[in-house]
Amino acid sequence: MEELQQALKNCNLTVSTISEKGRSLFTTRDFHPGDVIISQEPYVCVPTQKRCDGCFSTTNLSKCSRCQVVWYCGTPCQKSEWKLHRLECQALSRLDSNKRKSVTPSIRLMLKLYLRRKLQDQKIIPSTAMDNYKLVEALVAHMSDIKEEQLVLYAQMANLVHLILQWPEINIKEIANFFSKFACNAHTVCDSELRPLGTGLYPVVSIINHSCLPNSVLVFDGREASVRALQHIPKGTEVLISYIETAGSTVTRQKALREQYLFQCVCPLCSKVGQYEDVRENAILEGYRCKNETCDGFLLRTTDGKAFQCQECGLVRDKEEIKQIATEIKFLLEEASKPSSNGNSHEAISIHKMIEKLQTKLYHPFSINLMQTRETILKAHASNEVYIPFIQ
Ligand SMILES: [Zn+2]
Ligand SMILES: [Zn+2]
Ligand SMILES: [Zn+2]
Ligand SMILES: [Zn+2]
């Protein structure tokens with residue numbers, strides 16, 4: 001920690017512990033929009049599909065001839081990864097071909113974590129203040145909040161890791177604990193168009209907390225993660241990024257944060273929950289429309305819970321009527337997924353148009369569902385290369 005603080009001081013940053021939130025990153029000078037606040041190479045990373053293990057490229061790939069699991073774009077990438085892969089390769093080569101197929105990116109991330117720790121312990125790979133195993137150890141795991149079935153899965157994965165490494169000294173419980181650390185701390189490495197390339201562990205970047213109103217953003221250049229200022233960040237301010245898509249309503253955002261990152265967000269946007277503005281926003285984005293087609297009011301559940309009432313004109317919509325349209329939409333959505341998967345986009349478009357018609361009757365004009373259907377229709381038209389003017 002001392003060592004980390006010293007290294008962060010040189011970047012004009014400091015780590016403080018806040019009750020409730022835990023470790024948090026603060027600025028010690030002003031940062032301006034676009035400034036790089038911190039950048040970091042991953043402690044370990046793996047591509048999620050068939051990509052070069054060194055640079056995540058998909059061109060000129062050839063398989064490691066020994067383990068037949070890992071791909072490289074050429075000798076430079078193979079060489080740069082060799083110290084770590086030499087040990088991983090040995091371990092993977094011991095497995096029969098069936099077991100080798102069960103080596104998923106998450107399993108490989110764990111193998112690499114243990115192997116890199118060992119190589120840093122032996123000083124074969126150097127460690128620095130921002131690149132050492134202690135930083136990984138310091139990450140939060142939220143073990144007590146994890147669902148039973150998830151724990152069972154982590155235990156199974158930990159068993160496989162144990163079987164692959166065959167190190168008598170490692171403990172299955174510790175591996176399972178690391179899997180839960182990965183779940184709330186590993187980052188998806190994306191390209192400039194936000195397509196996922198792989199998963200990486202960036203233990204210093206992981207200190208940065210979430211806000212639905214962030215002042216910074218996490219971007220990737222190859223495997224390197226950089227946090228950039230989105231706005232002027234005065235000295236002494238906490239650096240905050242968003243872990244999730246911030247476009248959703250408060251309910252959607254909070255659900256995503258709870259399920260994936262196991263915490264309750266208390267950012268300024270979320271603390272509005274229950275207040276009039278927030279209720280209104282959620283009701284518009286995710287709620288139903290007024291029975292009167294010319295009214296743009298939003299609907300709230302009546303106190304008896306049996307109907308929805310327009311907050312503008314007072315008209316009441318029956319729950320059964322809403323349910324019926326929702327069922328029809330659900331049926332059509334299932335139908336729509338069939339022809340589009342066969343590439344018959346004309347049929348898919350006509351079904352989506354029926355869905356749009358029903359959703360227009362059901363949802364508020366600004367509803368996310370309706371916008372998504374319209375986007376689907378537009379995309380289907382584009383892929384069909386048939387231009388049909390779109391009528392709102
Ligand atoms: Zn490469
Ligand atoms: Zn290999
Ligand atoms: Zn929030
Ligand atoms: Zn109304």
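The domain assignment of the protein comprises domain 1, spanning residues 43-187, and domain 2, spanning residues 320-384. The model is a predicted one. Between the centres of domain 1 and domain 2, taken over C-alpha atoms, the separation is 42 Å.

The packing of helices is considered next. Two packed helices are described by the angle between their axes and by the distance between those axes. Helix α2 (residues 75-93) packs against helix α4 (residues 105-121) at an angle of about 125°, and the two axes are 10 Å apart. Angles of 65 to 115 degrees count as roughly perpendicular and those over 145 as roughly antiparallel, with the rest above 115 falling under oblique; α2 is therefore oblique to α4. The crossing of α2 past α4 is right-handed. On the side of α2, the contact is made by Lys 83, Leu 84, Leu 87, Glu 88 and Ala 91, and on the side of α4 by Leu 111, Lys 112, Leu 115, Arg 116 and Leu 119. Sorted by class, the contact of α2 with α4 contains 6 nonpolar and 4 charged residues, with no polar residue.

Helix α4 also packs against α6. The axes of α4 and α6 come within 10 Å and cross at roughly 50°, which makes α4 oblique to α6. Here α4 passes α6 in a right-handed crossing. The residues that α4 brings to this contact are Ser 106, Ile 107, Met 110, Leu 111 and Tyr 114, while α6 contributes Met 157, Leu 160, Val 161, Ile 164 and Leu 165. The contact of α4 with α6 has 9 nonpolar residues and 1 polar residue, and no charged residue takes part. Leu 111 of α4 is thus named both in the contact with α2 and in the contact with α6.

A further contact joins helix α6 (residues 148-165) to helix α7 (residues 172-185), whose axes are 8 Å apart and which pack at an angle of about 120°. The helices α6 and α7 are therefore oblique to each other. The crossing in which α6 passes α7 is right-handed. From α6, the residues Tyr 154, Ala 155, Met 157, Ala 158, Asn 159, Val 161 and His 162 meet Ile 172, Ile 175, Ala 176, Phe 179 and Ser 180 of α7. The residues of the contact of α6 with α7 divide into 9 nonpolar and 3 polar, with no charged residue. Met 157 and Val 161 of α6 appear in this contact and also in the contact with α4.

Attention now turns to the sheets. One open sheet consists of 3 strands in the order β3-β11-β10, with antiparallel pairing. Strands β3 (36-40) and β10 (216-221) each have a single partner strand and stand at the edges, so one side of each is left without a neighbour in the sheet. From one strand to the next, the twist averages 20°. Strand β10 pairs with strand β11 (residues 224-229) in the antiparallel sense over 6 bridges. Within this pairing, Phe 220 has Ala 225 in β11 as its bridge partner.

Another open sheet of 3 strands has the order β13-β14-β15, and its pairing is antiparallel. Its edge strands are β13 (299-301) and β15 (316-318), each of which pairs on one side only. Neighbouring strands of this sheet are turned against each other by 30° on average, direction ignored. Strand β14 (residues 307-310) pairs with β15 in the antiparallel sense over 3 bridges, and Gln 309 stands opposite Val 316 in β15.

Conventions: Residues are numbered from 1 along each chain as its sequence is written. Chains are lettered from A and ligands numbered from 1 in the order in which they are written. This is a predicted model: local features need pLDDT of at least 70, side-chain atom pairs count only at pLDDT 80 or more; totals for chains, interfaces and linings use all residues. Two strands pair if DSSP finds at least two bridges between them. Helices (H or I, at least four residues) and strands (E, at least two) are DSSP runs, numbered from the N terminus. Axes are lines fitted to C-alpha atoms, for helices over the stretch in contact, and angles run from 0 to 180 degrees between N-to-C directions. Domain bounds come from an automatic or database domain assignment. Angles under 35 degrees count as roughly parallel, over 145 as roughly antiparallel, 65 to 115 as roughly perpendicular and the rest as oblique. A crossing is left-handed if the near helix is turned anticlockwise from the far one by less than a right angle, and right-handed if clockwise. Two residues are in contact if their C-beta atoms, placed from the backbone, lie within 7 Å. Ala, Val, Leu, Ile, Met, Phe, Trp, Tyr, Cys and Pro count as nonpolar, Asp, Glu, Lys and Arg as charged, and the others, Gly among them, as polar.
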